[in-house]
Amino acid sequence: MQADPRGVLTGVHFIDGDHACCEGALAAGARFAAGYPITPSTEVVERFAARIPTVGGTFIQMEDELAASIAILGAVWGGAKAFTVTSGPGFSLMMEHIGFAAMTETPCVFVNVQRGGPSTGLPTLPAQADMMQARWGSHGDYEIIALSPNSPQECFDLTIKAFNLAEQYRTPVMFMMDECVGHMTEKVVIPRPEDIEIYPRRLTRKPPSEYKPYEPAEDLVPEMAHAGNGYRFHVTGLTHDERGYPAMNAATQDRLVRRLKEKIRAAEDRLTFVDEDGVEDAQVIVVSYGITSRVAERAIEMARQKGVKTGRCRLIGIWPFPEKRIRALAQRARAFVVPEINLGQIAREVERAAGGHARTISVTHAGGGVHRPEDIFEAIMEAAR
Amino acid sequence: MSALLEVTNPEVTNPVEPFLRMERIPHIWCPGCGIGTTVNCFTRALIESKVDLDRVAIVSGIGCSGRVAGYLRLDSFHTTHGRAIPFATGLKLANPSLNVVVYSGDGDLFAIGGNHLIHAARRNLDIKVICINNLIYAMTGGQTAPTTPGEAITTTAPYGCYEPAFNLCALADSAGASYVARWTTYHVRQLTKSMSEVMRKRGFCFIEIISPCPTLYQRRNKMGDGLDTMKYYKQKSKVRHGAPTSELAITKDGEIVVGKFVDRDRPDYLELMRSRLSEQLGDRYVETENLVCS
Amino acid sequence: MQLTEIRTAGFGGQGVILSAMIIGKAASIYEDRHATLTQSFGPEARGGASSAQVVLSDRPIAYPYVTAPDVLIVMSQEAYTRFAPELKDNGILIVEEDLVRISQLKPTVRVYGVPATRLAEELGRRMVLNVVMVGFFAAVTGLVSPDALRRAVVDSVPPATRDLNLRAFDKGYEYGLAKVSTPVEETEQASMELE
């Protein structure tokens with residue numbers, strides 16, 4: 001279906017990534033946001049608070065991130081599309097409800113504008129060090145979807161994608177921005193509503209007597225019902241059967257947890273989002289994401305000028321990790337160079353997926369700034385040797 | 001003989017049954033536990049208040065009382081520990097036509113979830129909070145709660161509790177609740193009436209129910225079984241409608257003041273939001289009935 | 001056009017970020033080129049040093065940061081001291097000449113001074129000095145058309161201050177035009193005097 005025109009600010013804008021993310025959420029149909037102020041993400045909800053009364057919806061500033069992250073889940077079961085926005089310390093507090101959303105299959109979006117950590121760390125300065133937390137932060141086994149934009153335009157486009165994927169797979173989607181992209185201002189083109197594709201909520205058409213809230217469809221995703229429509233369904237964070245009732249035994253646990261993982265894992269091909277250039281005959285492939293991918297671009301240019309065939313594989317989708325794609329690239333290239341503003345989180349994934357067929361060189365940065373292009377360039381040159 | 005026939009007659013069912021997910025019965029609560037009694041009162045309140053059951057949503061946190069949501073044949077949400085109120089906040093704001101009831105325990109609502117409760121009361125969010133106060137953490141085996149009275153024995157206060165306890169009604173009142181009442185599980189009629197009243201009242205409503213946990217609290221404190229507790233409640237309780245909430249503290253063996261203490265009208269969160277935004281934005285304000293996506 | 005790097009800098013409250021915003025918006029929206037604005041955030045952004053960077057290009061911009069600015073617009077002494085050494089050898093330095101004393105500058109740098117605060121005060125509002133600077137920038141660099149910049153000014157300031165800001169832009173622009181039409185020797189003379 002097409003976007004609701006009320007939320008779409010069609011036109012050409014010069015706005016930063018945080019603001020573009022908010023516009024993406026509005027265009028995607030988000031009509032409820034709950035947040036708690038935290039640098040450097042607050043601009044997203046500030047804009048939402050200003051815009052939503054004229055679009056038709058509600059923003060509420062909650063008492064903490066625990067509250068914000070579950071208020072959005074309540075709103076989703078009440079019928080809304082909803083999201084919350086935070087940064088490092090707030091993301092840590094939200095883990096409980098990322099797990100609850102995964103377990104209850106509540107479609108929603110968590111935006112994390114990453115800053116330096118651990119703990120309070122660097123409130124105003126960038127990092128990309130929450131990538132593993134996005135994947136594994138809540139307890140238990142589950143699969144997650146995470147996207148990483150590298151420009152304000154992508155903050156808009158991919159926020160819509162994040163909402164669409166959340167609905168399609170009934171899962172929380174992590175929108176992993178970083179301070180640099182959040183606070184970077186560029187041209188953002190917002191299309192007409194009829195040119196924006198929206199994945200509708202998978203609401204059941206069955207009568208209440210036949211409806212089972214957690215009975216999976218063919219793609220392993222169950223149909224949803226909203227509160228207030230006579231379905232009288234039950235939702236619990238406990239291990240539950242297809243009726244949604246607690247059933248605490250190993251067999252139900254096995255069936256449920258494997259399905260939660262499999263509904264996303266089985267869709268890896270459809271959930272592989274990469275932006276590649278020159279990988280066909282590359283000696284070295286730079287794998288990066290977010291702001292680092294733009295810094296890497298200069299290093300790639302430098303290396304090409306030196307005659308090194310250097311490819312780019314930018315990860316737009318981080319989770320599920322594009323294992324098959326990296327494995328395929330590992331058959332061709334001699335090495336991967338993986339710069340990221342952390343001490344080597346995604347590099348380890350690349351190394352794992354490469355399975356020894358190509359070398360992986362991690363170019364780390366502890367946070368608080370971006371790499372010097374020269375550092376990435378040197379890693380490429382070393383890899384090519 | 002005729003009484004026996006009546007009981008075994010399949011045509012005659014407990015009037016509470018249509019409100020329960022009978023396929024989930026028997027429930028997990030211990031003999032003598034007060035939670036079932038409150039559920040009984042609640043279902044009767046649903047009948048009395050004549051609310052549209054398809055529009056009642058029940059939200060629970062974690063703990064013995066948190067299981068209430070799972071047994072009621074309503075749209076029901078068993079959320080995370082302490083977070084029933086913020087979940088209810090989102091649910092209510094997304095679809096204000098829902099009558100949202102939070103049904104949970106003292107530990108869930110006042111320890112781990114205490115911050116959420118006072119803020120929802122401050123906002124005067126239109127939700128009803130029913131708090132079963134058994135003075136202890138029951139699901140986890142009888143640890144000290146923020147409501148455990150001085151000297152009471154718990155597994156984490158084996159020599160008697162020495163922390164001062166919260167006065168729940170005073171807390172809800174001072175945070176701004178529109179309705180505050182307390183009953184014990186002995187006061188089933190009064191409790192039912194209060195529950196029925198709040199189903200029809202707008203704003204943040206709070207009902208505290210003093211309820212026994214014979215397995216963990218009463219036994220460990222040598223207060224007898226469920227029936228003994230009913231006698232105890234009868235003996236110790238005193239109805240004082242309108243009593244200042246500051247005078248409602250619970251002690252281990254002292255008087256239990258019950259009654260309706262607060263019943264006032266002030267604009268709820270949505271009214272405040274809508275009136276401010278339409279005042280500031282005029283025609284530009286788009287007021288919506290609900291936020292339901294297609 | 002090649003990649004052009006611009007840095008604006010001053011102290012908080014001078015509208016340093018807005019001046020960069022106007023330049024970026026003019027180029028990207030009203031000239032349909034590419035512009036990337038980045039800024040230093042943080043506690044220092046409130047009252048202390050403030051700076052913003054704009055990269056302009058005809059092609060999409062990958063690397064968004066300024067390494068050696070082609071143009072440096074400074075409105076405070078502290079900003080001058082901190083950022084002047086970064087300037088490209090043949091770069092352009094634009095200064096609020098009443099607030100900045102120039103010293104130890106690469107000899108190849110072209111310097112343009114404007115008493116932006118005084119010009120803004122003549123318009124009645126000291127706070128529009130940043131837009132005076134933008135007008136002056138347009139005239140002396142020719143990097144972004146005055147038309148596009150004027151539209152970006154209209155788009156970036158509160159409606160009630162539009163006219164005032166446009167007048168500020170024009171004032172800076174005219175001052176700049178006069179400056180560039182004067183013989184080079186005199187400009188150099190002026191910059192010598194600044195030292």
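## Chain A at a glance

Buried residues make up 63% of the 385 residues in chain A. Keep in mind as you look around that this is a predicted model. The secondary structure of chain A comprises twelve helices and 16 strands. Its radius of gyration is 21 Å, close to the 21 Å that the globule rule gives for 385 residues, so chain A is as compact as a globular protein of that length.

Along the principal axes, the C-alpha atoms of chain A fill a box of roughly 70 × 50 × 40 Å. The chain also brings together residues that lie far apart in sequence: among contacts between residues at least 6 apart, 78% join residues at least 24 apart.

## A buried helix

A good place to pause is helix H6 of chain A, which covers residues 152–169. H6(A) has 18 residues and reaches 25 Å from its first C-alpha to its last, close to the 26 Å expected at 1.5 Å a residue. Is this helix buried or exposed? Here 18 of the 18 residues of H6(A) are buried, so the helix is largely enclosed by the rest of the structure.

As for its neighbours, H6(A) lies across S1 and S9 of chain A, and runs at about 40° to S9(A). After the helix comes Arg170(A), a residue with a positive phi, near 50°.

## A sheet shared by chains A and C

The two strands under H6(A), S1 and S9 of chain A, also belong to a sheet that includes strands of chain C. Eight strands form this open sheet, with mixed pairing, in the order S1(A)-S9(A)-S2(C)-S3(C)-S1(C)-S4(C)-S5(C)-S6(C). At its edges are strand S1 (11–16) of chain A and strand S6 (110–114) of chain C, each of which pairs on one side only. Neighbouring strands in the sheet are turned by 25° against each other on average, direction ignored.

Where do the chains join within the sheet? Strand S9 (residues 185–190) of chain A pairs with strand S2 (residues 34–39) of chain C in the antiparallel sense, over two bridges. Looking at single residues, Glu186(A) has Thr36(C) in S2(C) as its bridge partner.

## Where chain C touches chain A

Contacts between these two chains involve 16 residues of chain C and 14 residues of chain A. On the chain C side, helix H1 (16–30) and strand S2 each supply at least two residues. S2(C) gives the most, with six residues. Sorted by class, this side of chain C has eight nonpolar, seven polar and one charged residues.

## Where chain B touches chain A

Chain B meets chain A too: 39 residues of chain B are in contact with 47 residues of chain A. Several elements of chain B each supply at least two residues to its side of this meeting, namely strand S2 (75–78), helix H4 (84–94), helix H6 (114–123) and helix H11 (269–281). Which of them gives the most? That is H4(B), with eight residues. By class, the side of chain B that touches chain A has 17 nonpolar, 15 polar and seven charged residues.

Strand pairing links these two chains as well. Strand S10 (residues 234–236) of chain A and S2(B) pair in the parallel sense over three bridges. To find the place in the model, look for Val235(A), which stands opposite Phe77(B) in S2(B).

Technical notes. Residues numbered from 1 in each chain as written. Chains lettered and ligands numbered in written order. Predicted model: local features only at pLDDT ≥ 70, side-chain atom pairs only at ≥ 80, totals over all residues. Helix = DSSP H or I, 4+ residues; strand = E, 2+ residues; numbered from the N terminus. Expected span 1.5 Å × (residues − 1). Buried ≥ 20, exposed ≤ 12 C-beta atoms within 10 Å, placed from the backbone. Contact = placed C-beta atoms within 7 Å. Nonpolar A, V, L, I, M, F, W, Y, C, P; charged D, E, K, R; others polar. Pairing = 2+ DSSP bridges. Axes fitted to C-alpha atoms, helices over the stretch in contact; angles between N-to-C directions. Rg over C-alpha atoms; globule rule 2.2 N^0.38 Å.
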